[in-house]
Amino acid sequence: MVQRGGQKFSSPAFQFGERIIWGFTAIVLDRLFTDLGWTKNWDTRRELQMN
């Protein structure tokens, strides 16, 4: 979740090694993985706080 100007934004995020892929790139990957049937179950309550 990212907070900017008093608003909260959330998107899919993926850890790749020591890096976090989030935002537009993660949204595109999430859609691609879903369309290809590669999506795995995950804990939707898990949040990563980003500044």
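Which side chains meet in a salt bridge at 3.3 Å, N to O? Keep that one in mind; it gets solved in Exercise 2. The model here is predicted: local features need pLDDT of at least 70, side-chain atom pairs count only at pLDDT 80 or more, and totals for chains, interfaces and linings use all residues. Residues are numbered from 1 along each chain as its sequence is written, and side-chain values use heavy atoms, with hydrogens and water left out.

**Exercise 1. Sketch the fold and check the helix length.**

Step 1: take stock of the secondary structure, where helices (H or I, at least four residues) and strands (E, at least two) are DSSP runs numbered from the N terminus. The chain has 1 helix and 4 strands, and along the sequence they come in the order β-β-β-β-α.

Step 2: get the dimensions. The C-alpha trace spans about 35 × 20 × 20 Å along its principal axes.

Step 3: test helix 1. The expected span is 1.5 Å times one less than the number of residues. Helix 1 has 14 residues and so should span 20 Å, which agrees with its end C-alpha atoms being 20 Å apart.

Step 4: see what comes next. Gly37 follows helix 1, and its phi is positive, near 80°.

Step 5: look at burial (buried is under 20% relative accessible area, exposed over 50%, partly exposed in between, with a 1.4 Å probe and protein chains only). Of the 51 residues in the chain, 6% are buried.

**Exercise 2. Find the salt bridges and say how exposed their partners are.**

Step 1: set the rule. A salt bridge needs a side-chain nitrogen of Lys or Arg within 4 Å of a carboxyl oxygen of Asp or Glu. Side chains of opposite charge can pair when their charged atoms come close.

Step 2: count. There are 2 salt bridges in the structure.

Step 3: solve the opening question. The partners are Asp35 and Arg31, at 3.3 Å from N to O. These two sit 4 residues apart in helix 1, so about one helical turn separates them. Asp35 is exposed at 56% relative accessibility, and Arg31 is exposed too, at 55%.

Step 4: take the other pair. Asp43 bridges to Arg45, with the closest N and O atoms 3.0 Å apart. Asp43 is partly exposed at 38%, while Arg45 is exposed at 71%.

**Exercise 3. Classify the Phe14–Phe33 ring pair.**

Step 1: apply the criteria. Rings of Phe, Tyr and Trp (its six-membered ring) pair if their centres lie within 6.5 Å; planes under 30 degrees apart are stacked, over 60 edge-to-face, and the rest tilted. That rule yields 2 aromatic pairs.

Step 2: do the geometry. The ring centres of Phe14 and Phe33 are 5.7 Å apart and the planes meet at 80°, so this pair is edge-to-face.

Step 3: place the partners. Phe14 belongs to strand 3 and Phe33 to helix 1, 19 residues apart, so the pair links distant parts of the chain. Phe14 is partly exposed at 24%, and Phe33 is partly exposed at 25%.

Step 4: widen the view. Ring pairs join Phe14, Phe33 and Trp38 into a cluster.

**Exercise 4. Describe the largest pocket and its lining.**

Step 1: fix the terms. On a 1 Å grid over the protein atoms alone, probed at 1.4 Å, a pocket is an open set of points with protein on both sides within 12 Å along at least five of seven lines, and lining residues have an atom within 4 Å of a point. Volume is the space filled by probe spheres set on the points, which are joined across faces, edges and corners.

Step 2: read off the volume. The largest pocket holds about 830 Å³ of space.

Step 3: go through the lining. It comprises 24 residues, with Ser11, Pro12, Ala13, Phe14 and Trp42 nearest the centre. Strand 3 (13-16), strand 4 (19-22) and helix 1 (23-36) each give two or more residues, and strand 3 gives the most, with 3.

Step 4: sort by chemistry. Counting Ala, Val, Leu, Ile, Met, Phe, Trp, Tyr, Cys and Pro as nonpolar, Asp, Glu, Lys and Arg as charged, and the others, Gly among them, as polar, the lining divides into 13 nonpolar, 6 polar and 5 charged residues.

Step 5: zoom in on Ser11. Ser11 lies in the loop between strand 2 (7-9) and strand 3 and is partly exposed at 31%. From Ser11 to Leu48 is 37 residues in sequence but 10 Å in space, C-alpha to C-alpha.
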